[in-house]
Amino acid sequence: MADKIGVYFDESSLGGVLDIQKLCEGVQKKWSDLCPVVKIHPRLASDDGRAMIQKDIDAGLIEAVCICGTSPRVEWDFYKFGEGVLVERVNLREQCVLCYADPSGEKVQPGQTPELLHKMANDYVNMGVVKLQKANIPAGDSVEVVKRVLVIGGGWAGLTAAKNVASVGYDVTLVEKKDVLGGAAATMYKTIPLSYPYDAAHPTGVEKKIAEVTGNDKIEVLLSSEVVSIAGAPGNYEATVSVGGDERVIPCGSVVLATGWVPQDTAVLKPLGYGKLKNVVTSREFEAMAKAGAIVRKSDGAKPQKVMFLLGVGDKLIPQEAKEAEAKAAALAAAANKEVDDAPKTNFSKQDTCKHLYYSSELTSVTALKQANYVREFIPGGVAMVVYEHMMVPGINELYYKAAQNDPSVMMTKGVINDVRDGGDGDIVVVLEDTLLGSKIEVEVDMLVLPTALVPTTALDPILKLKYRQGPAMPDLELFSGYADSNYICFPYETRRTGIYAAGTVRQPMTLSTTETDAAGAALKAIQCLESANRGMAVHPRSGDLSYPRFNLVRCTQCKRCTEECPFGALDEDEKGNPMPNTSRCRRCGTCMGACPERVIFFDNYNVDQIGSAIKQVEVPDDMAVGGPRMLILACENDAYPALDMAALRGKKWSPYVRIVPVRCLGSVNTIWIADAMSKGTDGCLLLGCKYGEDYQCHFVKGSELCNRRMANIGETLGKLGIETERVQQMQVAIDEYDKVPGMIDEFVDAITKLGPNPFKGY
Amino acid sequence: MASNSILVIGGGFAGLTAALEAAEIGHEVFIIEKTPFLGGRVMQLNKYFPKLCPPSCGLEIQYQRIKNNPKVKFFTLAEVTKVEGGVGNYDVTVRIKPRYAGPSSPDLSDLCSSLDSEVVNDFEFGLATRKPVYMDAPFAFPQRYVVDKAGMSDADKAKVQKCDYFDLNEEEKTVTLNVGSIVIATGWKPYDVTKLTNLGAGQVKNCISNMQMERLASPYGPTNGKIVRPSDGREPKKIAFVQCAGSRDENHLHYCSYICCAASLKQAQYVREQYPDAEVTIFYIDLRTPGRYDNFSKKVLADEKTFAVKGKVAAVEQDKAGDDVWVTVEDAVSGSKSVERFDLVVLATGMQPSLAGASLPLDVPVDSEGFIIGGEEKGIFAAGCAKQPLDVMKSAQSATGAAMKAIQTVRGR
């Protein structure tokens, strides 16, 4: 609660078109005691301007600062006065002066402030003051963290992550299901090259990695072990692990999920001859033969002279894809028919599909190249033939492809499989099709090697077994075909479970060298999460934010909306249905605050009362015909708000009847703000949020989508009040749609104006 | 004295990521960016594949992270000129060129447009000119003008000098930073099309590079996002994409540039969204869409007017009578050639490391292409496309991994 607020106007950014003196007088008159300092500076964003403000703070005249000038997105470095001083930026340049379109169509002349423009500026300044008045300095909710990282999986990714974590002084418990470390890497004869010059396969070196891990006294290795459950929150998890059948509880601060992959069910390979012909093997089986020291045919134990590595599967999987799609549709329909109150006990469903073969294309391609070279190594005079549709060796591995081509005993051919037949004596006749020319050729080979697809372990099992209200698995596995992946291109480690970072092939199909990097990255994120939780700070995307949702549980009605809707599963429930917050899981989006019908959830510096009170500062003219309509825009501060800033700076203008209020995320919009505004006579409300759906852009995953769902409810409420539902609308705006968003606003304003005044006006 | 700080050379997506991830663990980081703005190559992209989402969306978050974290310090128009010392304790000399503009963010668009000088716009790959006082993009960070003094007429200089925001007499500065480890995130540059003689060497009017296509499709590009032919501003009806323009080529780049196949598929979508009647053909050797990009590839190619044709383009030539472009395609299998006419041709030019033909004042090994292949024992780590060709997602992954290594170096001693 700021009791003394300094209000400062930056003359230089207001283009001479605002009557700043009049605005100052307005502030002094309306907020005389609250705002003891009201000043104008010719260029506030300057050392001199800053010093002026600092002096007022030092003199004890003010305890919070309201800057009226440029957008909060710029000049942030001038307006920091330490943690104890709240700063509110009133965006008078971009979202008032620059965007102002006078209804007359005339350009505003310096020194002649239209009344409408003054009113707009005045509303914004008052909103800024109220926002400060209703804000507190967030204290942060720091936790004493356990400086131990749980690494699940002892393969290449897990070993690398463990090593990285330990190297900077944290403890590690590494849990491995098998009785040996090394995972898939340990079963490989060789790996494709891991470093420059990328020209020859070589032993993986996993033994060295294992020795480094087992010899590190910061790393505890648990073999024959599996995670039974993980309870708690980042900083303080309690992982229950079954160690050879005995359960042990391991306190840990964060988790690296590195459980890798399993070979795809070979049933998928049936249409390619697997299971029917003895000498049709998978690349996984072929690798095992090489590792064991002899490549021989199952049928007769002979060394195959002619080995074909097939990558071009053509349309052989299409019938299976169709079947899978059908099954999925049926499952969805069945789920939809289920009782609504049959709350899901699990958020997990199996996601292994034949498509994993396509997703594994890079790995199966480089593996075929590598194994083609084994043929000459193991079989004197042997030849290998690699048949491919697209040689999927993107990037630097092209160099390995080139080197592999130089082997005279390796033949590369473009083509896809048409048929596989028994050639007698264990031989196989492969009918290949050239997709370009449509011609067919028949090749008789001694052995046919089919690609092994990598299915992420998370496609088959929840693995994490989280004791979270929202279920045991990583959410959205369906969206990522079972991979524990991120939806964000820019932020590959960000998932919906704070403190848990996936590494390696469980996240995406990747080579050992990419896994090496990936695991180092995941290790960093795991440590970063601890180093944030212990300071009470949020992690991505509001990194460093000390504010967190607080709950006034006395008034909670146990409706469970907050616990259901939190995109990050931060809230658990007690037996009565009360939310049990876990601050270190929380990303501070405010979705819970938006969901709460009783308005018992608040942030110190962002809450229902604060934004509601700010909205009330908008002066709505009693007579629309005289003062014009008024409309509220609630804009996502990450995307829509910057888009509006950029639109204004690009010379775009929009209706002067709207008032823009930035929100943390549309998910944080509490419908009371809209209901109150509408009952006060506001003619319309527009919500500008991120794109949702499969390729969502919302930084808090579900915010804009949830808001859209809530809009259906508010429509009902408005209908009951006799207010047209189209007065409240949500639109999706991407950050680069600055040239479109002014038009969207104007269309909305036109539509509302046509509806006429809000029937509640004047009440 | 041993230092806990980390230097990041390059303020593109990899550099920003490495710096922020390290800073959010508590390390002081310094970002050294050569150009006037952070953001690097991705600033020039219209959308990312496969989500078709705008790069400025992620950049906005990165910039918020910078603004909120006092541990991150950045220098623009800056270059490392000298590195002394060794792992754990480097003294780095940084030269900072004058910006000639003040530290705040005024809106001087009227002044800028009143200037009469026009300079070739490198940010737009020559598709447009710009004023000598400028910002590259609406989301340019820092949101501060920069003055291109060399591109200014005397009259413009006089005009600009009158505005007290500018100081045309500002001088170059030098700072010295003490750091424990160094992340090199110098990124990439598009391969020089003038070297691709059989593909028109940049002389065919309506043959553009994929990066130029990004600028044409960008809402803040030279056409405000409308894809038109450079020669006459006409809407193209028939567009060809030529894959591996410079990549996977003994005479040019030996490696595959990783992004071009998915980038062309993405750009095919740009075209098809704008022009429902247009026809797009992608000529490729292999369509490289690894991992779940397979879904993206299938989605784009499901469109009835987007075709992927296997074949190596042997020649791109301008029509003798007009502005159309002839593309000669060689069938790799049969050896036969076909010739087809297009309105617009896009060369999927590869990525070349920025360090190709350039060097840093650091003792770090590079391969013959310019990619960094070592330096770790010295506490120097490459991130992103300075190490190998990658997409944005993998650059961020690489940068996070490099940040981990850098932290190990400064903490492990």
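What follows is a short walk through a predicted model with chains A and B, taking the sheets, the helix packing, the backbone details and the interface in turn.

Let me begin with confidence, since everything I describe comes from a prediction. The model as a whole scores ipTM 0.97 and pTM 0.97, and chain B averages a pLDDT of 96, with 99% of the residues scoring at least 70.

I will start with the sheets of chain A. Five strands of chain A form an open sheet with parallel pairing, and if you read across it the order is β13-β20-β14-β15-β16. The edges are β13, residues 280-282, and β16, residues 410-414, each of which pairs on one side only, and the twist from one strand to the next averages 25 degrees. Inside this sheet, β14 (residues 306-310) and β20 (residues 447-450) of chain A are paired in the parallel sense over three bridges, and if you want one position to locate on screen, A:F309 stands opposite A:V449 in β20(A). Which helix packs on the sheet, touching β13 and β20 of chain A? That is helix α8 of chain A, residues 283-292, whose direction makes about 85 degrees with that of β13(A).

Staying with α8(A), we can turn to a helix that it contacts, namely α11(A), where the two pack at an angle of about 35 degrees with their axes 11 Å apart. The crossing in which α8(A) passes α11(A) is left-handed. On the α8(A) side the contact is made by A:S283, A:F286, A:E287 and A:A290, while α11(A) brings A:T364, A:T367, A:A368, A:Q371, A:Y374 and A:F378. By class, that contact of α8(A) with α11(A) divides into five nonpolar residues, four polar and one charged.

A second helix pair is useful to set beside that one. Helix α16 (residues 608-616) and helix α19 (residues 671-679), both of chain A, pack at an angle of about 25 degrees, and their axes lie 10 Å apart. Since angles under 35 degrees count as roughly parallel, α16(A) and α19(A) are therefore described as roughly parallel to each other. Here the crossing of α16(A) past α19(A) is right-handed. The residues that make the contact are A:V608, A:I611, A:G612 and A:I615 from α16(A), together with A:I672, A:W673, A:D676 and A:A677 from α19(A), and by class the contact has six nonpolar residues, one polar and one charged.

Now to the antiparallel strands of chain A. Three strands form an open sheet in the order β8-β9-β10 with antiparallel pairing, where β8 (225-233) and β10 (246-252) are the edge strands, each pairing on one side only, and where the twist averages 20 degrees from one strand to the next. Strand β9(A), residues 236-243, is joined to β10(A) by seven bridges, and A:A239 stands opposite A:I250 in β10(A).

Elsewhere in chain A, strands β17 (residues 416-424) and β18 (residues 427-433) run antiparallel and are joined by seven bridges, with A:V431 of β18(A) as the bridge partner of A:D419. These two strands form a hairpin with two residues between them, and in its turn A:D425 has a positive phi of about 55 degrees.

A few further backbone details deserve a look. Where are the cis peptide bonds that I would like you to check? One joins A:Y196 and A:P197, with omega about 5 degrees, and A:P197 is found in the loop between α6 and α7 of chain A. Another joins A:H540 and A:P541, with omega about 0 degrees, and A:P541 is found in the loop between α13 and β23 of chain A. In addition, A:S481, a residue other than glycine, has a positive phi near 55 degrees, and A:S481 lies in the loop between β21 and β22 of chain A.

I will finish with the interface. On the chain A side, 69 residues are in contact with 62 residues of chain B. Several helices of chain A give two or more residues to that side, among them α3, α5, α12 and α18, but the largest share, eleven residues, comes from α13(A). The residues of chain A that touch chain B divide into 34 nonpolar, 21 polar and 14 charged.

How values were computed:
Residues are numbered from 1 along each chain as its sequence is written. Chains are lettered from A and ligands numbered from 1 in the order in which they are written. This is a predicted model: local features need pLDDT of at least 70, side-chain atom pairs count only at pLDDT 80 or more; totals for chains, interfaces and linings use all residues. Axes are lines fitted to C-alpha atoms, for helices over the stretch in contact, and angles run from 0 to 180 degrees between N-to-C directions. Helices (H or I, at least four residues) and strands (E, at least two) are DSSP runs, numbered from the N terminus. Angles under 35 degrees count as roughly parallel, over 145 as roughly antiparallel, 65 to 115 as roughly perpendicular and the rest as oblique. A crossing is left-handed if the near helix is turned anticlockwise from the far one by less than a right angle, and right-handed if clockwise. Two residues are in contact if their C-beta atoms, placed from the backbone, lie within 7 Å. Ala, Val, Leu, Ile, Met, Phe, Trp, Tyr, Cys and Pro count as nonpolar, Asp, Glu, Lys and Arg as charged, and the others, Gly among them, as polar. pLDDT is the predictor's confidence in each residue, from 0 to 100. Two strands pair if DSSP finds at least two bridges between them.
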